[in-house]
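Here are my notes on the model you sent over. I've kept them as numbered points so you can follow along with the structure open.

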Amino acid sequence: MKLYYTPGACSLSPHIVLLEAGLPYELEAVDLATKETEKGEDYYLVNTKGAVPALQLDDGSVLTEGAVIIQYLADQVPEKQLVPATGTFERYRLQEWLNFIAMDFQKNFLPVFRPDFAACRDAAVKLIEKQCDYIDRQLVGKDWLMGSRFTVADIYLFVITSWLKYAEIDIGQWKLLSAWQERVAARPAVQKALAEEGLK
Ligand SMILES: N[C@@H](CCC(=O)N[C@@H](CS)C(=O)NCC(=O)O)C(=O)O
């Protein structure tokens, strides 16, 4: 399998999942400004949407959308229990988290990173802070988002909360969220992925 990624982008989430899952993979970096891969290929030929992540399977098919890719990877190694089993209510709980992270939380960072959205930055920061309040409340009495079991939702949320610093939002104001972030950061797979992306 090959993961198309950009250092520190949301593609860091499937990168960490690959390591947690112990699956073999190769990486190919994408320059999002030029849409060119590190091998000089036109990235639009891999993912016509032009966004990372994209996962190329060994049969050549390409899967996109981070929230879907991480479930696909976790389902390859059910014994690692990185996702609840398909068809269970818990799986829908996990998807409830993934949908919130992808559709609401992540998207609010657009004005933080994109100059053409900068006019909305203050409003977006307020929304992000409200969402951190919500997540912090959800962590009461829990080690991980889903309770006692670490899942791909923790990995995805970890990547997006690592962007808070670019919004100049101090995660330390949310005690449970910041303690949770430290627990995720301490995992060897997270440290390895950060090193492989040149982020530490
Ligand atoms: N819906 C996609 C969105 C992915 C996304 O927004 N990727 C960003 C990096 S975090 C990107 O590639 N942006 C550049 C672009 O869309 O042109 C997903 O959830 O995987």
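**Notes on the predicted model**

1. Let's begin at the ligand. Sorted by class, its shell has eight nonpolar residues, two polar ones and one charged one. Keep in mind that this is a predicted model.

2. Which residues make up that shell? Going along the chain, Ala9, Cys10 and Leu32 come up, then the run Gly50, Ala51, Val52 and Pro53, then Glu65, Gly66 and Ala67, and finally Ala102. With the class counts in mind, Glu65 is the charged one, while Gly50 and Gly66 are the polar pair.

3. Now the overall fold. The chain has eight helices and five strands, and along the sequence they run β-α-β-β-β-β-α-α-α-α-α-α-α. Its radius of gyration is 17 Å, close to the 16 Å that the globule rule gives for 200 residues, so the chain is as compact as a globular protein of that length.

4. A few more numbers for the whole chain. The C-alpha atoms fit a box of roughly 45 × 45 × 30 Å along the principal axes. Of the 200 residues, 29% count as buried. If you take contacts between residues at least 6 apart in sequence, 61% of them join residues at least 24 apart.

5. On to the sheet. It is open, has five strands in the order β3-β2-β1-β4-β5, and its pairing is mixed. The edges are β3 (36-37) and β5 (62-64), each of which pairs on one side only.

6. Within that sheet, have a look at β1 (residues 2-5) beside β4 (residues 54-56). These two strands run antiparallel and share three bridges. Which residue of β4 is the bridge partner of Tyr4? That would be Ala54. As a reminder, strands in a sheet pair through backbone hydrogen bonds, in either a parallel or an antiparallel sense.

7. Helix α7 (residues 175-185) is a good one to turn on screen. Its buried residues are Leu177, Trp180 and Val184. Why do they line one face of the helix? Looking down the axis of α7, the buried residues fall within an arc of 65°, so they end up on one face.

8. Flip α7 over and you get the other story. Lys175 and Glu182 are exposed, and they sit on the face turned away from the buried side. As for what covers the buried residues of α7, the cover includes α5 (121-138), α6 (152-161) and α8 (188-196).

Key
Residues are numbered from 1 along each chain as its sequence is written. This is a predicted model: local features need pLDDT of at least 70, side-chain atom pairs count only at pLDDT 80 or more; totals for chains, interfaces and linings use all residues. A residue is buried if 20 or more other C-beta atoms lie within 10 Å of its own, exposed if 12 or fewer, and partly exposed in between; C-beta atoms are placed from the backbone. Helices (H or I, at least four residues) and strands (E, at least two) are DSSP runs, numbered from the N terminus. The arc is that of the directions from the helix axis to the C-beta atoms. Two residues are in contact if their C-beta atoms, placed from the backbone, lie within 7 Å. Two strands pair if DSSP finds at least two bridges between them. A residue is near a molecule or strand if its C-beta atom, placed from the backbone, lies within 6 Å of it. The radius of gyration is taken over C-alpha atoms; the globule rule is 2.2 Å times the number of residues to the power 0.38.
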